[in-house]
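Subject: Structure handover

Hi,

Here is the structure I promised you, with my notes underneath. Could you have it open while you read?

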Amino acid sequence: MKTEIRQSLAECLRFARELGLESTTLNPRFFAPAQPAAVTAAKSAPARPAAPAASPRPDARPASPPSAPTPRRVAPASAGIAAADAFSFSIPAMPGTMGQEPRPAAESLPAIRSDLGECTRCKLHSLGRHNIVFGDGNAQPRLVFVGEGPGADEDEQGLPFVGRAGQLLTDMIEKGMGLARSEVYICNVVKCRPPGNRTPEADEIAACLPFLRRQLRALAPELIIALGATAAHALLGTQPGRGPLNALRGRIHSLEISGWPARVLVTYHPAYLLRDPRQKKEAWKDLQIAMHDLKLAIKPTSLSDGS
Ligand code: SF4
């Protein structure tokens, strides 16, 4: 390699280091033995005359959508043409601009509800639904409760947790945690009542879950409490049937919802507590974790003795 090219290459590499570039790719053609000019010319395709530049039509659309981000190749002009042809640099992707999907901004609840519309995305729309139960409560809550799906009372009124289980949830919030129900937000994994109050099926959860995630992103609470196994598994992405709900209780789980760092605590569903009141003591332990996390004062409550 000639001395001046070696010096140019060294200058280019110094320039790359100053820019913080990650990698350098050598161009193998640069180092291939040179072919005689006549042979090179014979192999070259005849040059086509350049097409005149057409003026873009005002209604013209781009010929193709923007391509996926790829590392930019840059050669430093100051280093001279010969050395610049010898290699190219890879610029590391810049967070949030090239290498990553931009984080979607939080939407408003009315916009999400409007997008849901008179939803027919899963079969629950045709299995006796009277009302879509979107959610209810404070739109800027510190705490959100997520249940499984609406029951008969909820389907009738279009509001979440208004039956017997809803009354117990209100007690948990107001008598247990010392908050007003109107301070929190309450919603479900599926927005339409499964017939006979059966557990929502996997395809129904899959169809409705994106709306729950958008809701939670819009609400951005400090803490989400998943009520029961269906809500816990849907939010945490864990497999239903793999281990008891107990294994998920007792700690705050961290997860990401569209770039937003969500925190989830798992406890029993109030309908389960109505069937087995002895578990109220366990639910009270979970609420105390939430209260400690939210820095709420903890007082003795009737929930603690299972009554
Ligand atoms: S449960 Fe959800 S996805 Fe299914 S129809 Fe109702 S709103 Fe749509």
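A quick definition before the notes: helices here are DSSP runs of H or I with at least four residues, numbered from the N terminus. Also keep in mind that this is a predicted model.

**The open pockets**

With that naming, four helices each put at least two residues into the lining of the largest pocket: α6 (152-157), α7 (164-176), α9 (229-236) and α10 (270-275). Which of them gives the largest share? That is α10, with four residues. The pocket itself has a volume of about 640 Å³. It is lined by 28 residues, and if you want to find its centre, look for E148, G149, N197, H269 and A271, which are the closest to it. By class, the lining splits into 12 nonpolar, 10 polar and six charged residues.

The second largest pocket comes in at about 200 Å³. Its lining has 13 residues, with I205, T230, H233, A234 and P240 closest to the centre. Here α8 (202-219) and α9 each supply at least two lining residues, and α9 gives the most, with four. So α9 is one to click on for both pockets, as it also supplies at least two residues to the largest one. As for chemistry, the lining of the second largest pocket has seven nonpolar and six polar residues, and no charged ones.

**The ligand and its cavity**

Now for the enclosed space. How many cavities of 30 Å³ or more does a search of the whole structure find? One. The largest cavity has a volume of about 100 Å³, and the space taken by the ligand is this cavity. Of its 15 lining residues, C119, C122, K191, C192 and C208 lie nearest the centre. Helix α8 provides the largest share of that lining, four residues, and α8 also supplies at least two residues to the lining of the second largest pocket. The cavity lining divides into 10 nonpolar, one polar and four charged residues.

To look at the ligand's own surroundings, select L116, C119, R121, C122, L124, H125, R129, K191, C192, A207 and C208. That shell holds seven nonpolar residues, one polar and three charged.

**The sheet**

There is an open sheet of six strands, in the order β4-β6-β5-β7-β9-β8, with mixed pairing. The edges are β4 (136-137) and β8 (252-257); each has a single partner strand, so one side of each is left without a neighbour in the sheet.

Starting from the β4 end, β4 and β6 pair in the antiparallel sense over two bridges, and G137 has Y185 of β6 as its bridge partner. On the next step, β6 (residues 185-188) runs parallel to β5 (residues 143-147), and four bridges join them. Two places to check that register are F145, whose bridge partner in β6 is I186, and G147, which stands opposite N188. The side chains of β6 alternate: Y185 and C187 point one way, I186 and N188 the other, and all are buried.

At the other end, β8 pairs with β9 (residues 260-267) in the antiparallel sense, over six bridges. I252 is matched with L265 there. The two strands form a hairpin with two residues between them, and S258 in the turn has a positive phi of about 50°. What are the two faces of β8 like, covered or uncovered? H253, L255 and I257 make up the covered face, while I252, S254 and E256 make up the uncovered one.

**One buried contact**

Last, take a look at I112 in helix α5 (residues 109-116). Is I112 buried or exposed? With a relative accessible area of 0%, I112 is buried; the cut-off for that is under 20%. I112 and R214 are 102 residues apart in sequence, but their C-alpha atoms are 7.2 Å apart in space.

That's the tour. Shout if anything looks odd when you go through it.

Cheers

Methods. Residues numbered from 1 in each chain as written. Predicted model: local features only at pLDDT ≥ 70, side-chain atom pairs only at ≥ 80, totals over all residues. Heavy atoms only, no water. Near = heavy atom within 4 Å. 1 Å grid on protein atoms, 1.4 Å probe; cavity = no way out; pocket = protein on both sides within 12 Å on 5 of 7 lines; lining within 4 Å. Sits in = over half its atoms within 2 Å of the grid points. Nonpolar A, V, L, I, M, F, W, Y, C, P; charged D, E, K, R; others polar. Points joined across faces, edges and corners; volume = space filled by probe spheres on them. Pairing = 2+ DSSP bridges. Buried < 20%, exposed > 50% of the residue type's maximum accessible area, 1.4 Å probe, protein only.
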